[in-house]
Amino acid sequence: MTETGNGRELVRRFSGCRVAVIGDLMLDEYIWGRVSRISPEAPVPVVQTERYSCCLGGAANTVRNIVTLGGECVAFGLTGDDPEGLLIRKHLAAYGVSDRFVLCDPQRPTTSKRRIVAGTQQLLRVDHEELSDPPAALRRKLADALIGEIEQNRVQAVIFEDYGKGLLSGPLIRRILEAANRHGLITALDPKPGHLRPVPGLTVIKPNRQEALAMTGLPASSPLPRVAEKFLAAWQPKYLLISLSAEGMALCRPGQLPDVIPTEAHEVFDVSGAGDTVTATFTLALTVGASAEQAAKLANAAAGVVVAKLGTATVSAAELQEKLSSPLPGAGGTQEGDERL
């Protein structure tokens, strides 16, 4: 972005966007407490619980990032017939998102991640999930519903959020992608290594560095241009956006060297959900007409906000506007959640 004002105008345009997100919906749970002693039963800390909170995670975190950034979102996914599934639906409603296309599979639990945090230190995470494929009929129903939204011009972009929990498959993505491309929609994939074979034709794929290495089969010492070249050749997206953690992110395009954008984070407390924020921001920016460079810089600025928060967090349009108007990197904001964590 050559001028901060350009970015702020792009963020204002987010309010006119309607994005579909399909993927692995999760509930992120937190037990907050303090540690003052070691257990006499085993050499582990004893956490004195002070409070509990929960928020939308996984694909559902991308949903809420779309909303907090000012856009509208249509959620597509599965929950179990359990309290965690009800909580996901409750929190979606709190963000003004319908659960019309959130289907219930009573044979599998809602994916949840429960973290135990003492002060600012995460001590343990307990995952409750089912990794087998859901019934084909539920997959078809979700694909049919999303394609219906596309065919009726009710969405301007589609985000595929793959956390490897079984919902997304190559055939499902290709079927939806064909409809999206036919209507000229922006499409984005946040991938899970080893779960999907290459699916050409996406607008953008956003792995982090470790995911990109795993998906290309290259060693950790491989230079970034080599990783990008091999990834782009296999998946053939228009853009490849690689998160580089503390180093920022790299925007990669066929036939060009990666454009590395330095991080804008002043302090890093928690990277949980930062990738969802990047995917949401980059997709919204492209949808409102930003160039790839502008979209990447906006996504980088948004990531700088959320990593300065504790817990799975979002960035609001106002926070991003403030970030863009500030001459110094850094992030404010409160802890995020739906209580509000």
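In the predicted model, Arg 209 is partly exposed, its relative accessible area amounting to 33%. This residue forms a salt bridge with Glu 247, in which the closest N and O atoms are 3.0 Å apart. Glu 247 likewise counts as partly exposed, at 49% relative accessibility. The pair links distant parts of the chain, since Arg 209 belongs to helix 6 (residues 209–216), whereas Glu 247 is located in the loop between strand 11 (239–243) and strand 12 (249–252). The two residues are 38 residues apart.

A salt bridge is also found between the side chains of Arg 253 and Glu 293, with an N to O distance of 2.5 Å. Arg 253 lies in the loop between strand 12 and strand 13 (259–261) and Glu 293 in helix 9, so parts that are 40 residues apart in sequence are tied together by this pair. The partners differ in exposure class: Arg 253 is buried, with a relative accessible area of 12%, whereas Glu 293 is partly exposed at 29%. Elsewhere, Arg 18, Glu 72, Glu 149 and Arg 154 are joined into one network by salt bridges that share partners.

In total, 18 salt bridges are found in a search of the whole structure. Among them is the pair formed by the side chains of Arg 114 and Glu 29, which meet at 3.1 Å, N to O. Because Arg 114 lies in strand 6 (residues 111–118) and Glu 29 in strand 2 (residues 25–38), this salt bridge ties together parts that are 85 residues apart in sequence. Arg 114 is partly exposed, with a relative accessible area of 33%; Glu 29, by contrast, is buried at 4% relative accessibility.

The nonpolar interior was examined next. The largest nonpolar core contains 56 residues, of which Phe 14, Leu 241, Phe 282, Leu 298 and Leu 320 touch the most other members. Helix 9 (residues 292–306) contributes the largest share of this core, namely 10 residues. Helix 9 is also the element that holds Glu 293, the salt-bridge partner of Arg 253. When residues up to four places away in sequence are not counted, the contacts of Phe 282 comprise Val 204, Leu 241, Leu 251, Ala 292, Ala 295, Ala 296 and Ala 299. Apart from the largest core lies another core, of 45 residues, which includes Leu 142, Val 155, Leu 213 and Ile 242.

Note on methods
Residues numbered from 1 in each chain as written. Predicted model: local features only at pLDDT ≥ 70, side-chain atom pairs only at ≥ 80, totals over all residues. Heavy atoms only, no water. Core = buried A, V, L, I, M, F, W, Y, C linked by side-chain atoms within 4.5 Å. Buried < 20%, exposed > 50% of the residue type's maximum accessible area, 1.4 Å probe, protein only. Helix = DSSP H or I, 4+ residues; strand = E, 2+ residues; numbered from the N terminus. Contact = heavy atoms within 4.5 Å. Salt bridge = Lys/Arg side-chain N within 4 Å of Asp/Glu carboxyl O.
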